[in-house]
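Reader: Hi! I've got a protein to look at and don't know where to begin. Could you walk me through it?

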Amino acid sequence: MSQVFINGARDEANVRDHDSLDVSIQELIKAAAEARKNAYCPYSNFAVGAALRTSDGTIYSGCNIENGAYAASICAERTAAAKAISEGKREFVACAVVAQQDSGFTTPCGVCRQFLSEFAMDGKDIPLYAAKPTNLPLRVLCTSVLQLLPNSFSFQNGK
């Protein structure tokens, strides 16, 4: 087994074979991979797709959308979340992120981690699955929003 590095840390214990995951998670990863195809990334050429499943089972997907004024860009995770939130959905039960990175897995950036943590309410963390858009079988990093962002800022926590 090759070493897996996430943000500089060895984390082989959290990597699983795609086929060993629940079918609902496989479906979520597929939705993120499909969304990635719509990425608008002429500046970085780094396409990312994300998908969020809500508590009623609906999947909302999104891709990154870049802008020449970088601050106006939006990540795939926030695109998917904004679509769900604008439809009245605020309870997320899982998230998948798909991007091609030579080493390691692409996980949400700090802004997306904080954004998603807003919806990890009442002690309900959001499981997160990071994968690459490769042919099966593939490996998947299984983590969560709060594992990636411990001590997140929240008015709910009195912080």
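**The annotated site and its surroundings**

Author: Sure, let's start with the record. UniProt, in an unreviewed entry, places the feature "binding site" at Asn64, Ile65, Glu66, Asn67, Gly68, Ala69 and Tyr70. UniProt positions are given in the numbering used here, feature names are shortened, and annotations may be inferred rather than shown by experiment.

Reader: Good to know. What kind of model is this, and how are residues numbered?

Author: This is a predicted model, where local features need pLDDT of at least 70, side-chain atom pairs count only at pLDDT 80 or more, and totals for chains, interfaces and linings use all residues. Residues are numbered from 1 along each chain as its sequence is written, and side-chain values use heavy atoms, with hydrogens and water left out.

Reader: Back to that site, then. Where does Gly68 lie?

Author: Gly68 is in the loop between β5 and α2 (76-86), and Tyr70 has its place in the loop between β5 and α2 too. Helices (H or I, at least four residues) and strands (E, at least two) are DSSP runs, numbered from the N terminus.

Reader: And is Tyr70 buried or exposed?

Author: Tyr70 counts as exposed, at 60% relative accessibility. Gly68 is partly exposed, with a relative accessible area of 48%. For the cut-offs, buried means under 20% relative accessible area, exposed over 50%, and partly exposed in between (1.4 Å probe, protein chains only).

Reader: Let's switch to the big picture. How many helices and strands are there?

Author: The protein chain has four helices and eight strands. Along the sequence they follow the pattern β-β-β-α-β-β-α-β-α-β-β-α. Of the chain's 159 residues, 43% count as buried.

Reader: Why is β4 described as largely enclosed?

Author: Seven of the seven residues of strand β4 (residues 48-54) are buried, so β4 is largely enclosed by the rest of the structure. On one side the buried residues are Val48, Ala50, Leu52 and Thr54, and on the other they are Gly49, Ala51 and Arg53. In a regular strand the side chains alternate between the two faces of the sheet.

Reader: Neat! Which strands does β4 pair with?

Author: β4 pairs with strand β6 (residues 92-99) in the antiparallel sense over seven bridges, and five bridges join β4 to strand β5 (residues 59-63), also antiparallel. Two strands pair if DSSP finds at least two bridges between them. Val98 in β6 is the bridge partner of Gly49, while Ile59 in β5 is the bridge partner of Arg53. The hairpin of β4 and β5 has four residues between the strands, and Gly57 there takes a positive phi near 95°.

Reader: What about the nonpolar core? Which residues have the most contacts inside the largest one?

Author: Those are Leu52, Ala81, Phe92, Cys95, Leu116, Ile126 and Leu128, in a core of 20 residues. α2 gives the most to this core, with five residues. A nonpolar core is a set of buried Ala, Val, Leu, Ile, Met, Phe, Trp, Tyr and Cys residues joined through side-chain atoms within 4.5 Å.

Reader: So how many residues of α2 are buried?

Author: Eight of the 11 residues of α2 are buried, which leaves α2 mostly covered. Among them are Ala76, Glu77 and Ile85. The buried residues of α2 pack against β4, β5, β6 and α3 (110-117). Following α2 comes Gly88, whose phi is positive, near 90°.

Key:
Contact means heavy atoms within 4.5 Å.
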